[in-house]
Amino acid sequence: MRTNNTNTPFQTRISSTTVRNLGILAHVDAGKTTVTERILYLTGATHKRGEVHDGTTVTDFDAQERDRGITIFAAAVSCAWDGHRVNLIDTPGHVDFADEVERSLRVLDGAVAVFDAVAGVEPQSESVWRQADRYEVPRIAFINKLDRAGADLDTAVASIRDRLHTVPLVVQLPIGREDEFTGVVDLLRMRALLWHAGNDSYETTPIPEALAAQAHERRRELEEKVAEMHPAAMEEYCTTSTLTTPTLTAALRDLTLSGEGVVVLCGSAYRNRGIEPLLEAVVAYLPSPTDVPPVRGTLGETVQERAADPGAPFVGLAFKVNATATGRLTYVRVYAGTITKGETVMDAGTGRTERIGRILRVQADRHAELDRATAGDIVAVVGLKTARAGTTLCSPAAPLILEPPTVAEPVVSVAVEAQRSVDTGRLSSALARLVEEDPSLAVRADRETGQTVLSGMGELHLEVAVEKIRRAHGIEVGVGRPQVAYRETVVRGVSGLVYRHVKQDGGAGQFAHVVLDVAPVEAGPDAPPTFTFASTVTGGRVPQEYIRAVEAGCRDALAEGPLGGHPVTGLRVTLTDGATHSKDSSEMAFRTAGRFALRAALRASELQLLEPVMELTATLPEEAVGGVLGDLAARRARITNSTTRSGTATITATVPLSELFGYATRLRSRTQGRGTFSARGVGYAGVPVALSAEASAR
């Protein structure tokens, strides 16, 4: 029987090879916060099991998280297991907070993807999986909630294979089904791990006789699958017709690190079953900071690499900022080198230097002070006044700029205003602090109405932001109706549009002559339509510096399109000819010409309005399907799939975001409170011509 591990003191220095930096990823309500809580409890980091439904979890410490019962903000915690330090980030599972996941994945070395044993791969599970793919983060999978009615390991594994297009390598077999789930068969060591009621640790026993044949069959399938994918394993398998446990373990680690396969474990986090084997798998299969490739950055035009070596020049990436009334906490992943309290570091992007006041090991909302942090550490620092999420911090003597995490463009906006005029200034400060903490929020002033507009990733995202202002700053805020972020795109362009900019008002004048072609650009499979600029001018008729000015002017013109003042995307602009004046031509003149030329070209082109589209997955009783389908049709939904299992229907559809405002209430009313849905963004689609005028006016 395992005994609970004791947590290593924060100040104990641990080698980078025994560190695991990992995130817990999942769809909302798959149980990832409960998994995190059980890990903290079993490792001795906490002495009482936190429960989401009781509002007693360590990582969901924010008042709104406890009120809503979901993770909103990524929370970092640290614990120790089997001589290894495990730095965990519990990430949000709701689509509106995907940017928190993006910033976390940028600094993590590995991840545990948690799946519901009943639902399998859900929409946001798929989204966070794709985010992890972009950063090439190795993952293992944990099939949770095997004690629920309808739970089925094989069905969940099949959804991983079919929807995530990866190779699941199942290393466990459940013992008992649904509420009789009591343990797992370890297919590597061919033993049973049983959890008894009231006991937090497992007991090792022989495999139950009823499962022995199935266990040997599954072990054989695992060996064959691994041998097909791993050369060393294939060599041993061809020689002996089997794989030893050390060979199988080593091959599974290699396949995990390369991303070719995903080790799959199972259990029930709520009942504390399967967490210890999960921790053992984290240590065995996921990489340490020294196992991942050296971090790459740029210095001028050159690309440099820096290994996870405490003796190397310091470089780290700020990925999260908490602006509080008592100061700023900047969360930093240290990639190379060592930083100490009181040391001066440089913002590689601006060249500004700042002094680190304190270094803290983070335990959600609690902190323990450290003297230093070395390569592989994830810590919070106090004293940085200007660093933002995505800022590279480095040694002033060895600058390097790392690639920042990508920030998604906001898709929903609301007008906000202070209910009392005396709070107007305080509201502006509160909004600035919000944007500082969350780069996926944006604040602007509407030039026509003078209103302050707050933009974010969804209704819930904005609702949480406004509520945070109310609670943290005591400001009563009025909120307008949500508006979606429309785009305009070119359907049919123009060729040879001539624009001449001439201005003479005494002294040196302005002269620029440009000829533009405008054509549509198709969106890629995983990317929205974009803007590209090229020049085919020959003979030096337009100098290179003026060509760059024309491009800058064209980008200025993209801010507002002719249909409704929305940003323009999905076009290619080519500068085909031009002329200069020996005295009056300048970069300013050509930038102005580029701006007005593209505006004229867009007015002459055929444009289409685009709107953000979501993939909706609704789960509801079978008898309510007809009413829900009719309601979705009225919302311009396109049904892509509909399945029924055990009296429960699952409908998948693509729906314009503008049609989903208030949908939760409508779905509950049509299903007598038993229907739920989730949605994730899948890009932009054209607005029907009949609705374009109405949408443009919004």
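The charged end of arginine 599 sits over the ring of phenylalanine 596, 5.5 Å from the ring centre. The term covers NZ of Lys or CZ of Arg within 6 Å of the ring centre and within 35 degrees of the ring normal. Arginine 333 does likewise with tyrosine 335: its charged end sits over that ring, 4.6 Å from the centre.

A word on what you're looking at: this is a predicted model, in which local features need pLDDT of at least 70 and side-chain atom pairs count only at pLDDT 80 or more, while totals for chains, interfaces and linings use all residues. Residues are numbered from 1 along each chain as its sequence is written, and side-chain values use heavy atoms, with hydrogens and water left out.

Staying with rings, the structure holds six aromatic pairs. To pair, rings of Phe, Tyr and Trp (its six-membered ring) need centres within 6.5 Å; planes under 30 degrees apart count as stacked, over 60 as edge-to-face, and the rest as tilted. One of the pairs joins phenylalanine 115 and tryptophan 129, and it is tilted, with 6.3 Å centre to centre and 45° between the planes. Phenylalanine 115 belongs to strand S4 (residues 110–116) and tryptophan 129 to helix H4 (residues 123–134), so the pair links distant parts of the chain, 14 residues apart. Helices here are DSSP runs of H or I with at least four residues, strands are runs of E with at least two, and both are numbered from the N terminus. Both phenylalanine 115 and tryptophan 129 are buried, that is, under 20% relative accessible area (over 50% is exposed, in between is partly exposed; 1.4 Å probe, protein chains only).

Now follow H4 to its neighbour. Helix H3 (residues 98–105) and H4 pack at an angle of about 30°, their axes 10 Å apart. Those axes are lines fitted to C-alpha atoms over the stretch in contact, with angles running from 0 to 180 degrees between N-to-C directions. The two helices H3 and H4 are therefore roughly parallel to each other, because angles under 35 degrees count as such (over 145 is roughly antiparallel, 65 to 115 roughly perpendicular, the rest oblique). H3 passes H4 in a right-handed crossing, meaning that the near helix is turned clockwise from the far one by less than a right angle (anticlockwise would be left-handed). H3 is mostly covered, with eight of its eight residues buried; among them are Asp99, Glu100, Glu102 and Arg103.

Helix H9 (residues 275–285) makes another covered stretch. Nine of its 11 residues are buried, so H9 is largely enclosed by the rest of the structure. The buried set in H9 includes Glu276, Pro277 and Tyr285.

What about cysteines? Cysteine 266 is buried at a relative accessible area of 0%, and cysteine 554 is buried at 0% too. The structure holds zero disulfides, a disulfide being a pair of cysteine sulfur atoms within 2.5 Å.

Two loops deserve a look for their backbone. Lysine 145 has a phi near 65°, positive in a residue other than glycine. Lysine 145 lies in the loop between strand S5 (139–144) and helix H5 (153–164), and is partly exposed at 22% relative accessibility. Methionine 190, with phi near 50°, also has a positive value without being glycine. This methionine 190 is in the loop between strand S8 (183–186) and strand S9 (191–195), partly exposed at 23%.

Finally, go to valine 86 in strand S3 (residues 84–90), which is buried at 2% relative accessibility. From valine 86 to glycine 578 is 492 residues in sequence and 61 Å in space, C-alpha to C-alpha.
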